[in-house]
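Visitor: I have a chain to go through with you, and I would like to know what stands behind each label. Shall we take the terms one by one?

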Amino acid sequence: MAGHSKWANIKHRKAAVDKKRGKIWSKCSRAIISAARQGGPDPTTNLTLRYAIDEAKAANMPKDTIQRAIDKGAGSSAGEEFVPVVFEGYAPGGVAIIVDALTDNNTRTFGEVRSIFTKYDGSLGAPGSVAFLFQTRGRILIEADAASEDRLMEIALEAGADDVEPPESEGDDPGAWTVLCEPAALARVKDAIESAGIATLAGEIAKIPTTSAAVSAEQAKSLLTLIDVLEDNDDVQKVYTNADFPQEVLDQLA
């Protein structure tokens, strides 16, 4: 699973400086608008909004842009109504993929996602076809040098975390701590860590694979292309996979 964990960490690090940052901000705005419209503009009582705001901040989205999205979502019941939808499928080699989307036209989004899977030699499956291979967890990433193992574990576990995974360093990259918890405990655990003066890289509700599928370097390149094209779709929020990427591919990404 090491190749999967490192891939997830690399993705978060790149999000804040990615060449597609404008598109990332657009997706963050959509998530904030949807959350504010469904649960109100107060992140202290609307955890979905709180998590959407946290992810926007992790992507270096400006505060005024975040506030405009909150205001737009909470200001009126009129306008675009984004509905969450989940797609499940397989990439070549039997790798499982889950796609989380927010859409105002399910028929359009379904057709576009299915077309992307088909074009890149994957296949879209029925609901439940791969979901059993993943667990929905709270995940917090922390720079390797931000805290000692003993201190981080004490704070995180006392706040309700289930596990603290150590960084996997490679070359100049020291890696990152991964703190896992139940989704309902994410805000509490993240607040406890930050209140202790430990900065976090990201905090999110994520679908984390329970088993991994090893891929070759060639398969990994095709899979990453498929994921990249899916993520480039305006309606797609997140893409999860259980692929265990080879080190040489991770080195190129990093």
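Visitor: In which sense do strand β1 and β2 pair, and over how many bridges?

Guide: This is a predicted model, where local features need pLDDT of at least 70 and side-chain atom pairs count only at pLDDT 80 or more, while totals for chains, interfaces and linings use all residues. Residues are numbered from 1 along each chain as its sequence is written, and side-chain values use heavy atoms, with hydrogens and water left out. Now to your strands: β1 (residues 83-91) and β2 pair in the antiparallel sense over nine bridges. Two strands pair if DSSP finds at least two bridges between them, so nine bridges meet the rule. Strands themselves are DSSP runs of E with at least two residues, and helices are runs of H or I with at least four, numbered from the N terminus.

Visitor: Which residues stand opposite each other in β1 and β2?

Guide: Val-83 faces Thr-103 of β2, and Ala-91 faces Val-95 of β2. The two strands form a hairpin with three residues between them, and Gly-93 in the turn has a positive phi of about 90°.

Visitor: What makes β3 and β9 the edges of the sheet?

Guide: Four strands form an open, antiparallel sheet in the order β3-β1-β2-β9. β3 (123-125) and β9 (236-241) each have a single partner strand, so one side of each is left without a neighbour in the sheet. From one strand to the next, the twist averages 30°; such angles run from 0 to 180 degrees between N-to-C directions, with axes fitted as lines to C-alpha atoms, for helices over the stretch in contact.

Visitor: How many bridges join β2 to β9?

Guide: Five bridges join these antiparallel strands, and five satisfies the rule of at least two. Ile-98 has Tyr-240 of β9 as its bridge partner.

Visitor: Which helices touch the sheet?

Guide: Helix α5 (residues 106-119) lies across β1, β2, β3 and β9, at about 15° to β1. Helix α8 (residues 217-232) packs on the sheet and touches β1, β2 and β9, its direction making about 160° with that of β9. Contact here means heavy atoms within 4.5 Å.

Visitor: Why is β2 called mostly covered?

Guide: Nine of its nine residues are buried, where buried means under 20% relative accessible area, exposed over 50%, and partly exposed in between (1.4 Å probe, protein chains only). Val-95, Ile-97, Val-99, Ala-101 and Thr-103 point one way, Ala-96, Ile-98, Asp-100 and Leu-102 the other. Asp-100 has 15%, which is under 20% and therefore buried.

Visitor: Why does the Asp-100 and Lys-207 pair count as a salt bridge?

Guide: A salt bridge is a side-chain nitrogen of Lys or Arg within 4 Å of a carboxyl oxygen of Asp or Glu. The closest N and O atoms of Asp-100 and Lys-207 are 2.9 Å apart, so the pair qualifies. Asp-100 lies in strand β2 (residues 95-103) and Lys-207 in strand β7 (residues 202-209), 107 residues apart. Lys-207, at 19%, is also under the limit and so buried. By this rule the count comes to 14 salt bridges.

Visitor: How do you know that Lys-190 and Glu-194 belong on that list?

Guide: Their closest N and O atoms are 3.0 Å apart, so the pair is within 4 Å. Both lie in helix α7 (residues 186-195), four residues apart, about one turn of the helix. Salt bridges that share partners join Arg-50, Asp-54, Lys-190, Asp-191 and Glu-194 into one network.

Visitor: Is Lys-190 buried or exposed?

Guide: Lys-190 has 8% and so counts as buried, whereas Glu-194, at 33%, is partly exposed.
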